[in-house]
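Biologist: Please take one helix of this protein and examine it closely. I should like to know how it is placed within the fold as a whole.

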Amino acid sequence: MITCMWLRAVPRAVLGLVLVSLLSACAATDGERGAAVLPPEQRSAEPSAGTGTSATTPTGGARLPGSPALSEIRRRGELLVGVPNDSADFLRRTDGEYRGFDVRLAGLLAEGVGLDSASDVAFRRLPASLRSGALARGSVDVLLGGFDRKADGVTVVAPYVVTGPESRPAERLVGIAEGDARFRDRLRAVLDAAIADGRWAEAADETLRERRPEARAPELSG
């Protein structure tokens, strides 16, 4: 009863100002509460495949939009390399460590996708019957050496060394699983850069030329 009498006693103009002030205060309070519970804006750490962002240089840290293989390699932090189990001139295991030209070549590829050539490479020695299937199963990321270039599920990146006489050259190949053209192009660029800047020749001189004097770099033009 007192409240009603007070409201009747207050002039209508004053009462209107009081009500407007109260409603404005409530609206401001609700807005601040809403803002306080909003999650922070999420930003992607890497550009999406559709942004058109170009990859970094072959010897730099790799950020390769649209490459499933590289995304998995970077997540894992290791490059899995499949090698023949019958090519001692190119890869052998002594004192518990893998040595040879294929080891050095794998290290160059690892560096080219942003990994450490010494600690971030693992080798799997495979018989001929398991080499191409290892790519399809995801057991390895890259194949080096002897495999059928026409095998199902295998994409040839490039030859990485040529042996034998000029009349009958024999190429050892880098291979990856089908369906990842960006990964193929990156590895080819890494190999091309290593040949151009002398790192390929240095590795061959230190690990291969004594066993295979005729070993030479492939021509990757085109």
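Modeller: The secondary structure of this predicted model comprises seven helices and seven strands. Read from the N terminus, the elements follow the order α-α-α-β-β-β-α-β-α-β-β-β-α-α. Of the 222 residues in the protein, 34% are buried. Among contacts with a separation of 6 or more, 65% join residues 24 or more positions apart. The protein exposes about 13,200 Å², and 53% of that area is supplied by carbon and sulfur atoms.

Within this setting, the part I have chosen is helix 6, which covers residues 181–197. At 1.5 Å a residue, its 17 residues should span 24 Å, the expected span being 1.5 Å times one less than the number of residues. The C-alpha atoms at the two ends of helix 6 lie 24 Å apart, in agreement with that expectation. The buried residues of helix 6, each with under 20% relative accessible area, are Phe183, Arg186, Leu187, Val190, Leu191 and Ala194. Viewed down the axis of helix 6, these buried residues fall within an arc of 130°, and they therefore line one face of the helix.

The cover over the buried residues of helix 6 includes both helices and strands. Among the helices are helix 3 (68–76), helix 4 (101–112) and helix 7 (199–207). The strands include strand 5 (142–145), strand 6 (154–163) and strand 7 (170–177). Just after helix 6 comes Gly198, which adopts a positive phi of about 95°.

Technical notes: Residues are numbered from 1 along each chain as its sequence is written. This is a predicted model: local features need pLDDT of at least 70, side-chain atom pairs count only at pLDDT 80 or more; totals for chains, interfaces and linings use all residues. Side-chain values use heavy atoms; hydrogens and water are left out. Helices (H or I, at least four residues) and strands (E, at least two) are DSSP runs, numbered from the N terminus. Buried means under 20% relative accessible area, exposed over 50%, partly exposed in between (1.4 Å probe, protein chains only). The arc is that of the directions from the helix axis to the C-beta atoms. Contact means heavy atoms within 4.5 Å. Accessible areas come from the Shrake-Rupley method with a 1.4 Å probe; for residues, only the protein chains shown count as cover.
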